[in-house]
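Here is a friendly walk through one chain, meant to be read with the structure open beside you. Let us start at a single spot and work outwards from there.

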Amino acid sequence: MTTPSSTSSHRLTSVLAIPAFRRLWSVTAVTATGEWLALLALTSLATHLTAGAGFTAQSFALGGVVATKLVPSLLFGPLAGVLADRFDRRKVMVTCDLTKFVLLLSIPFVGQLWWLLVVTLLLELCTMFWIPAKDAAVPNLLRSPAQMESAAQLSLLVTYGVAVVGGAGLFALVSKVGPLFGADQATTVYAALCVNGFAFLVSALVVYFAIPEISGRATEAERRHAPPSMLFLLRDGYTFVVRTPLVRGLVVGIVGAFTAGGAVIATAKLYASSLGGGDAAYSILFASVFAGLAAGMAVGPVLARRVPHRRLFGSAIIGAGGSLVVVAMAVHLFMAIAAVLCVGAFAGVAFLTGLTVIGTEVADGIRGRVNAFVQSLVRLVLLGAMSVVPIVVGVVATRTVTVGDTALLVDGTRFVLAGGGILAAVVGVVARRQMTEEGAS
């Protein structure tokens, strides 16, 4: 007797048995790990380059790096997709990887914040060309259209699972090994960026010499059915969301949950410093959010057997907010890691439960639009929180809090995390009330 899990495993194995797809998937794993490693290294370097200018300058530099990553995908996504379709896919991917290799290796030679921001912008533009070219090549490598779902699952697994842990692990390793050779923190980060650059060089060589099957341009039919831009999805989904209380409660809750997650990621570097940790602690906190997210998605179906989806959704967001308040109050790194894992886990439960509600309670004719809207909103909220929160932290700065006769020096990350946690908990209460009332009516 075959079980659903064994059937799913067989489907994934059958897709990986295709040599060309397996090589492309391996390349995706390398480049995705490089993307996460680059995000950690670039944000860390921004704070090192402004270390002498004070806490506020570091916060603004950190927010500026993330904001620079957000702007291209929000404004120029459709243009990059269209241009990528006009050229041979393999050449597009190789050119983008080689460009990333050169850009990352140039950072240590310039060593200035302005060049760091320029490189961040150019790296994101290269990624915007690379991803559509890769995604468009995948169907041509599979044996049947039925394998597309399994291919997409493998891509998500490596991009938001293996690559996050790999990128954070590599950054933590380099951060620990660097000082053993007498390197300071900035030099250690430069070394991480150089390692990262060679990862993209390896990707370019593999794509060019080992996967000739991905060559080709988009057909006219593929161009007509190209995915719309994020702005279009947000505008199209907004009309339906504001008219439907159930979906409105879902969206409000998801915004709260992922704002909490984004706040943790955005403040992780400065927060790790406040705990007396360095870049290794930063990478561990960063990975903990995604490890918690994966754990939450795994345990979500078990909880759903005992608690109705609508109630579970709001309760998970309240849990994420409460955990974020604990993160703000943590005095030790281990306590912080445990609380961050809980934030990610509750956010994972909320996200999976929200998608389940959409799949079971939203009409088939509009389900695709709502799913696209939610997925786009999640990315926008995460990147938006990651770019705005450090700036807010810089404005709040470090303040003295008096408890009885004791004066405590508290940095801005604690205030922002606590405020974000309280806001997420309130949003969770509103979402649960709105969704349960809608279900009862």
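Setting aside neighbours within four places in sequence, Gly-314 is in contact with Gly-428 and Arg-432. Please keep in mind throughout that this is a predicted model.

**A pair of glycines**

Gly-314 belongs to helix H13, which covers residues 309–329. Its partner Gly-428 sits in helix H16, residues 412–440. Are these two glycines buried or exposed? Gly-314 has a relative accessibility of 0%, so it counts as buried. Gly-428 is also at 0% relative accessibility and therefore counts as buried.

Seen from the side of H16, Gly-428 is in contact with Gly-314, Ile-317 and Ile-318, again leaving aside neighbours within four places in sequence. Two C-alpha distances add to the picture. Gly-314 and Val-427 are separated by 113 residues in sequence, yet their C-alpha atoms are 8.3 Å apart in space. For Gly-428 and Ala-257, the separation is 171 residues in sequence and 8.1 Å in space, C-alpha to C-alpha.

**The chain as a whole**

Stepping back, the chain has 16 helices and 2 strands. Of its 441 residues, 48% count as buried. Among contacts between residues at least 6 apart in sequence, 81% join residues at least 24 apart.

How confident is the prediction, and where is confidence lowest and highest? The mean pLDDT of the chain is 79, and 80% of the residues reach 70 or more. Confidence is lowest in helix H9 (residues 220–224), with a mean of 50, and highest in helix H5 (residues 89–110), with a mean of 94. Where pLDDT is low, the predicted coordinates should not be read in detail.

**Three helix pairs**

The table sets out the packing geometry of three pairs.

| Helix pair | Angle | Axis separation |
|---|---|---|
| H2 and H6 | about 165 degrees | 11 Å |
| H2 and H12 | about 135 degrees | 11 Å |
| H12 and H14 | about 40 degrees | 6 Å |

Helix H2 spans residues 19–49 and helix H6 residues 113–141. With an angle of about 165 degrees, and angles over 145 counting as roughly antiparallel, H2 and H6 are therefore roughly antiparallel to each other. Their crossing is left-handed. Which residues of H2 and H6 meet? On the H2 side the contact includes Ala-20, Phe-21, Leu-24, Glu-35 and Leu-49, and on the H6 side Leu-113, Thr-127, Trp-130, Lys-134 and Leu-141 are among the residues met. By class, this contact of H2 with H6 has 14 nonpolar, 4 polar and 2 charged residues.

Next comes H2 with H12. At about 135 degrees, these helices are therefore oblique to each other, and their crossing is right-handed. H2 contributes Trp-36, Leu-39, Leu-40, Thr-43, Ser-44 and His-48 to the contact, while H12 contributes Asp-279, Tyr-282, Ser-283, Phe-286 and Phe-290. The residues divide into 6 nonpolar, 4 polar and 1 charged.

Finally, helix H12 (residues 279–304) packs with helix H14 (residues 333–361) at an angle of about 40 degrees. That angle makes H12 oblique to H14. H12 passes H14 in a right-handed crossing. By class, the contact of H12 with H14 has 20 nonpolar and 6 polar residues, and no charged ones.

**Two threonines**

Two threonines let us look at H2 and H6 residue by residue. Thr-127 is found in H6 and is one of the residues in the contact with H2. Is Thr-127 buried or exposed? Its relative accessible area is 11%, and because buried means under 20%, Thr-127 is buried. Not counting residues up to four places away in sequence, Thr-127 touches Glu-35, Lys-100 and Pro-132. Of these, Glu-35 is among the H2 residues in the contact with H6.

Thr-47 lies in helix H2. With a relative accessible area of 2%, Thr-47 is buried. What does Thr-47 touch, not counting residues up to four places away in sequence? Its partners are Gln-58, Leu-62, Lys-269 and Leu-270.

Technical notes: Residues are numbered from 1 along each chain as its sequence is written. This is a predicted model: local features need pLDDT of at least 70, side-chain atom pairs count only at pLDDT 80 or more; totals for chains, interfaces and linings use all residues. Side-chain values use heavy atoms; hydrogens and water are left out. Axes are lines fitted to C-alpha atoms, for helices over the stretch in contact, and angles run from 0 to 180 degrees between N-to-C directions. Helices (H or I, at least four residues) and strands (E, at least two) are DSSP runs, numbered from the N terminus. Angles under 35 degrees count as roughly parallel, over 145 as roughly antiparallel, 65 to 115 as roughly perpendicular and the rest as oblique. A crossing is left-handed if the near helix is turned anticlockwise from the far one by less than a right angle, and right-handed if clockwise. Contact means heavy atoms within 4.5 Å. Ala, Val, Leu, Ile, Met, Phe, Trp, Tyr, Cys and Pro count as nonpolar, Asp, Glu, Lys and Arg as charged, and the others, Gly among them, as polar. Buried means under 20% relative accessible area, exposed over 50%, partly exposed in between (1.4 Å probe, protein chains only). pLDDT is the predictor's confidence in each residue, from 0 to 100.
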